[in-house]
Protein chains: 2
Amino acid sequence: MKICLIGVTGHIKYVLNGVRKDKDSRIVGIAPGSPREKIEKIYHLLDDGIRVYSDYREMLDELQPDIVTVACHFNDHARITVEVLERGSHVFVEKPVALTFEELEQVKKAHASSGRYLAAMFGLRYKPWFMTAWKSVRSGMIGDIRMLNAQKSYKLGLRQEFFKHRNTYGGTIPWVGSHAIDWVYWFSGEKFRSVYATHSRKYNKDHGELEVTALCHFTLTNEIFASVSVDYLRPEQAPTHDDDRLRVVGTKGIIEVREHKVFLINGECSGIKELPLLPEEEIFFDFLKQAKGQGECLVSAEESFYITEACLRARQSADEGKVLFFQEESCRKA
Amino acid sequence: MKICLIGVTGHIKYVLNGVRKDKDSRIVGIAPGSPREKIEKIYHLLDDGIRVYSDYREMLDELQPDIVTVACHFNDHARITVEVLERGSHVFVEKPVALTFEELEQVKKAHASSGRYLAAMFGLRYKPWFMTAWKSVRSGMIGDIRMLNAQKSYKLGLRQEFFKHRNTYGGTIPWVGSHAIDWVYWFSGEKFRSVYATHSRKYNKDHGELEVTALCHFTLTNEIFASVSVDYLRPEQAPTHDDDRLRVVGTKGIIEVREHKVFLINGECSGIKELPLLPEEEIFFDFLKQAKGQGECLVSAEESFYITEACLRARQSADEGKVLFFQEESCRKA
């Protein structure tokens, strides 16, 4: 598998970690995806002999890669993804896949006619704590899911300029919230019915239009409710950058992901039980396997699009201050 | 202080614990508040010589108590509270104070013209973990509050018949949720601007109209958001009946109440710090002091009414499926 990198923003480490595990794959070229993207910063992580381009189109045409990763400024994800699909490569793209519904439609269309694989970088699914919790839920340990409470809390630090503008950043719900919205969907296996959300830019420490807090309230099929709480207010002194949490309430038990651990209460145990964690996996390694015809990536293109839609709908709800409903048309892979 | 008890449902223990601490007060009479209420069940906790009535009006007229506690079936709270206030006694009443906006108005009016004290049983404020967290927040440890995530999770068990009907129970948001809605208000010191809520009766194990899950999304003044997650799905094997939690996100730190402990992250400490707990206090002892003219109860009548209004507005939102707004008229004690 020949791999080309477009951009080095966001979770480019998923790609480097995945390639390292697969002897059949190698990175052959790299180019920036967005203006002023500093691709030099990852040169030291790449093998010698990788070709460097200033124009990613030239790179695609010359190197004809099997797989292209897209991880640049967020407003360039959709356009570049379409270009890559039209040139016939599989795409591993940073989330959110698109910043507008129009762009999302363009990506869906290009994907449908390309016959290629696409996955968005929902790499947190592969973290041992989330995978362990998810498999426990799937095996019936908490019965039928009735409610989910998800949390993303980040340190703000000092963000790049493009985070400060809605048109390049897209908003905190699509950027930070998307992971939590993905958990809600992935764990529940249900479809989104409606969303009400709010977000605020107050106290964003000169980060322009960046929202520092956001709260989403989803209703899924079967009267399942989900809260998604997002903030950039994690103190700089906190032991980790992020404080990811998920609480899943079922008819037979409750499971929680907190501090990289998994806690379960159900009828089988008395008290709260900490579950042993499954080993860490790599999303890009999973995607590589799919590209080689050796299985199916846990994150499908349909899911990537559906989560993007949910994020954009939630952001719209927060912008407009009203409850919004989802179309009946469902994600194909439920 | 002569105290009469009307009803023995709900948190009647607050009253017994409070009286025990105050040598100037004694319970002089007891009567049921609602049909089929079994007052005998607390006889063994009362002193000898307390008079027992079948009709609480007769008791009030004969014993002329200084303070009356009202804790019966929830649909009787408002009506009896009005009667007590009109007879000139202070009232310590189980929350929610009323199950409808009309009843709430009647109570407010009776209270205003009575000149008597009233407090609803928001006794969880006095728990060491909540009091410790609240005082820490008030002292500026987390800066300005931007978001709150509150949780109430109860075991369902086998509830009395009156829980199964909306007209006697009132709903899970006013009954269980009211505590968490109170924390949101009490910690933030802000006013409610809007609420969106959902609730579901699915999987309520033959509990009629009782809602097993509920989720509320409040927006307070100053663009502060709050989630309130409520469920009756705590497994029967869990170590405690309830799993009360509160996470308060501020501009300088985050404080959490969980498992009867308080955790703080802010600029003063590296890592997560568990705070030493303040000693337990009793809400009814506080109310007794107020009645004796020795201070002000932490729970005011105005707050009791305001939280009731917020609960009823949230329930209405869940019933009607839309965002509802609060009147500008504010709680007097902010």
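The exercises below, each with a worked solution, concern a predicted model of chains A and B.

**Exercise 1. The extent of the contact**

Task: Describe how many residues chain A and chain B give to their contact, and state the area buried between them.

Solution. Begin with the residue counts: chain A contributes 53 residues and chain B contributes 53 residues. Next take the area, which is about 4300 Å² buried between the two chains. Of this area, 60% is on carbon and sulfur atoms.

**Exercise 2. Polar and charged links across the interface**

Task: Count the salt bridges and the polar contacts between chain A and chain B, then assign the chain A side to its elements and residue classes.

Solution. Step one is the salt bridges: six are found across the interface of chain A and chain B. A salt bridge requires a nitrogen to oxygen distance within 4 Å. A:Glu259 and B:Arg258 form a salt bridge, with their closest N and O atoms 3.9 Å apart. Step two is the polar contacts, where the count between chain A and chain B is 20 residue pairs. Step three is the elements: on the side of chain A that touches chain B, those giving two or more residues are β7 (145-153), β8 (192-200), β9 (213-220), β10 (224-231), β11 (245-250), β12 (253-258) and β13 (261-266) of chain A. Step four is the residue classes: this side of chain A holds 20 nonpolar, 21 polar and twelve charged residues.

**Exercise 3. The symmetry relation**

Task: Find which operation lays chain A on chain B, and name the axis.

Solution. A turn of 180° with a shift of 0.0 Å along the axis lays chain A on chain B, and the RMSD is 0.0 Å. This relation is therefore that of a two-fold axis. Now check the contact residues: 100% of those of chain A recur in chain B, so the same surface serves both copies.

**Exercise 4. An aromatic pair**

Task: Classify the pair of A:Phe74 and A:Phe162, and locate both residues along the chain.

Solution. Over all chains there are 39 aromatic pairs. One of them joins A:Phe74 and A:Phe162, with 4.9 Å centre to centre and 85° between the planes. An angle over 60 degrees counts as edge-to-face, and this pair is edge-to-face. A:Phe74 is in the loop between β4 (67-70) and α3 (77-86) of chain A, while A:Phe162 is in the loop between β7 and α6 (166-169) of chain A. The two residues are 88 residues apart, and the pair links distant parts of the chain.

**Exercise 5. A salt bridge in a helix**

Task: Give the N to O distance for B:Glu105 and B:Lys108, and relate their positions to the helix.

Solution. The structure holds 50 salt bridges over all chains. In one of these, the side chains of B:Glu105 and B:Lys108 meet at 3.6 Å, N to O. Both residues belong to helix α4 (residues 101-114) of chain B; because they are three residues apart there, about one helical turn separates them.

**Exercise 6. Backbone exceptions**

Task: Identify the cis peptide bonds at A:Pro96 and B:Pro96, and the positive phi values at A:Gln64 and A:Glu259.

Solution. Start from the general expectation: most residues other than glycine have a negative phi, and most peptide bonds are trans. The bond from A:Lys95 to A:Pro96 is cis, with omega near -5°. A:Pro96 lies in the loop between β5 (90-93) and α4 (101-114) of chain A. In chain B, the bond joining B:Lys95 and B:Pro96 is also cis, with omega about -5°. Turning to phi, A:Gln64 has a positive value near 45° and sits in the loop between α2 (56-63) and β4 of chain A. For A:Glu259 phi is positive, near 50°, and this residue is in the loop between β12 and β13 of chain A.

Key
Residues are numbered from 1 along each chain as its sequence is written. Chains are lettered from A and ligands numbered from 1 in the order in which they are written. This is a predicted model: local features need pLDDT of at least 70, side-chain atom pairs count only at pLDDT 80 or more; totals for chains, interfaces and linings use all residues. Side-chain values use heavy atoms; hydrogens and water are left out. Contact means heavy atoms within 4.5 Å. Buried area is the accessible area (1.4 Å probe) that two parts lose on being put together, summed over both. A polar contact is a pair of N or O atoms within 3.5 Å; within protein, one must be able to donate a hydrogen and the other to accept it, and residues adjacent in sequence count only if both atoms are side-chain atoms. Helices (H or I, at least four residues) and strands (E, at least two) are DSSP runs, numbered from the N terminus. Ala, Val, Leu, Ile, Met, Phe, Trp, Tyr, Cys and Pro count as nonpolar, Asp, Glu, Lys and Arg as charged, and the others, Gly among them, as polar. Copies are superposed by least squares on the C-alpha atoms of residues with pLDDT of at least 70 in both. Rings of Phe, Tyr and Trp (its six-membered ring) pair if their centres lie within 6.5 Å; planes under 30 degrees apart count as stacked, over 60 as edge-to-face and the rest as tilted.
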